[in-house]
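Please find below a colleague's note on the structure shown. The points are numbered for ease of reply.

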Amino acid sequence: RNVSEIFFLRGETGVGKTYLVEQLYKAIAENHACFCAGKFDQSGKSHPHATIVDVFNAICCALAQTDDLELVRRKVRSKCGRDLNYLLSQVPGLCLLLGESQKNYSTFSSKIQILPRFKSACRRFLKAVTAIHGSVVILFDDIDFADE
């Protein structure tokens with residue numbers, strides 16, 4: 001079943017959001033799904049998509065633990081297709097997973113041009129991961145800071 005879902009958990013400090021997510025993590029781990037988390041913060045990271053890149057790096061680390069690394073590499077390369085070089089320039093963990101060197105990718109000059117490519121690359125990468133793991137759960141904490 002090829003279904004994408006999104007879930008937002010919101011509440012005041014101290015109401016048990018973290019506990020709920022920890023319980024969710026246990027259930028996910030039992031089903032051998034991939035679970036990764038990233039936290040947005042107010043520190044003003046220099047890269048606008050730093051939290052997403054952090055999560056993708058964590059996913060790459062999880063994929064590197066797979067028994068059949070060559071199969072993982074083939075699936076990632078084929079699913080990412082035309083966006084692979086762009087991803088290699090953005091996600092250091094992907095370079096390590098695929099045994100590639102970091103790419104320089106400066107084809108686009110403005111944020112308006114980069115955003116559609118980044119979205120496309122993210123979609124393709126997540127399709128590759130779900131082709132390998134079946135289920136992927138990504139937790140973005142403190143998403144309120146995502147636009148800052």
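**Notes on salt bridges, helices and surface**

1. Asp-83 forms a salt bridge with Arg-124, the closest N and O atoms being 3.0 Å apart; a salt bridge here is a side-chain nitrogen of Lys or Arg within 4 Å of a carboxyl oxygen of Asp or Glu. The pair links distant parts of the chain, with Asp-83 in the loop between helix 3 and helix 4 and Arg-124 in helix 6, 41 residues apart. Helices are DSSP runs (H or I, at least four residues), numbered from the N terminus.

2. The model is a predicted one: local features need pLDDT of at least 70, side-chain atom pairs count only at pLDDT 80 or more, and totals for chains, interfaces and linings use all residues. Residues are numbered from 1 along each chain as its sequence is written, and side-chain values use heavy atoms, with hydrogens and water left out.

3. Asp-83 also meets a second partner, Arg-117, in a side-chain salt bridge (2.5 Å, N to O). This pair too links distant parts of the chain: Asp-83 sits in the loop between helix 3 and helix 4 (84-90), Arg-117 in helix 6 (residues 111-133), and 34 residues separate them. Arg-82, Asp-83, Arg-117 and Arg-124 are linked in a network of salt bridges. In general terms, side chains of opposite charge can pair when their charged atoms come close.

4. The members of this network may be described by their accessibility, where buried means under 20% relative accessible area, exposed over 50%, and partly exposed in between (1.4 Å probe, protein chains only). Asp-83 is classed as buried because its relative accessible area is 0%. Arg-117 is buried as well, whereas Arg-124 counts as partly exposed because its relative accessibility is 24%.

5. The structure holds five salt bridges. One of them joins the side chains of Arg-73 and Glu-70 (3.1 Å, N to O). These two residues are separated by about one helical turn, because they are three residues apart in helix 3. Glu-70 counts as partly exposed, at 42% relative accessibility, whereas Arg-73 is buried, with a relative accessible area of 18%.

6. Arg-73, which is found in helix 3 (residues 69-80), has a further polar partner. A polar atom of the Arg-73 side chain lies 2.6 Å from the backbone oxygen of Leu-97. Such a polar contact is a pair of N or O atoms within 3.5 Å; within protein, one must be able to donate a hydrogen and the other to accept it, and residues adjacent in sequence count only if both atoms are side-chain atoms. Neighbours within four places in sequence left aside, Arg-73 is in contact (heavy atoms within 4.5 Å) with Leu-96, Leu-97, Leu-98 and Gly-99.

7. Arg-74 is likewise found in helix 3. Arg-74 counts as exposed because its relative accessibility is 52%. From C-alpha to C-alpha, Arg-74 and Leu-98 are 8.9 Å apart in space, with their places 24 residues apart in sequence.

8. In helix 2 (residues 50-64), Asn-57 deserves a separate remark. Asn-57 is buried, with a relative accessible area of 18%. A polar atom of the Asn-57 side chain lies 2.6 Å from the backbone nitrogen of Gly-93. Residues up to four places away in sequence not counted, Asn-57 touches Val-91, Pro-92, Gly-93 and Leu-94.

9. Helix 1 has 14 residues and reaches 20 Å from its first C-alpha to its last, close to the 20 Å expected at 1.5 Å a residue; the expected span is 1.5 Å times one less than the number of residues. His-32, which follows helix 1, has a positive phi, near 60°. Thr-18 lies in helix 1 and is exposed, at 56% relative accessibility. Thr-18 and Asp-141 are 123 residues apart in sequence but 9.5 Å apart in space, C-alpha to C-alpha.

10. Leu-20 is also found in helix 1 (residues 17-30). Leu-20 counts as partly exposed because its relative accessibility is 45%. Together with Phe-7 and Leu-9, Leu-20 makes a nonpolar surface patch of about 320 Å². Patches are made of residues with over 30% relative accessible area and no salt bridge, like charges being joined within 9 Å and nonpolar side chains (Val, Leu, Ile, Met, Phe, Trp, Tyr) within 5 Å. Accessible areas come from the Shrake-Rupley method with a 1.4 Å probe, and for residues only the protein chains shown count as cover.
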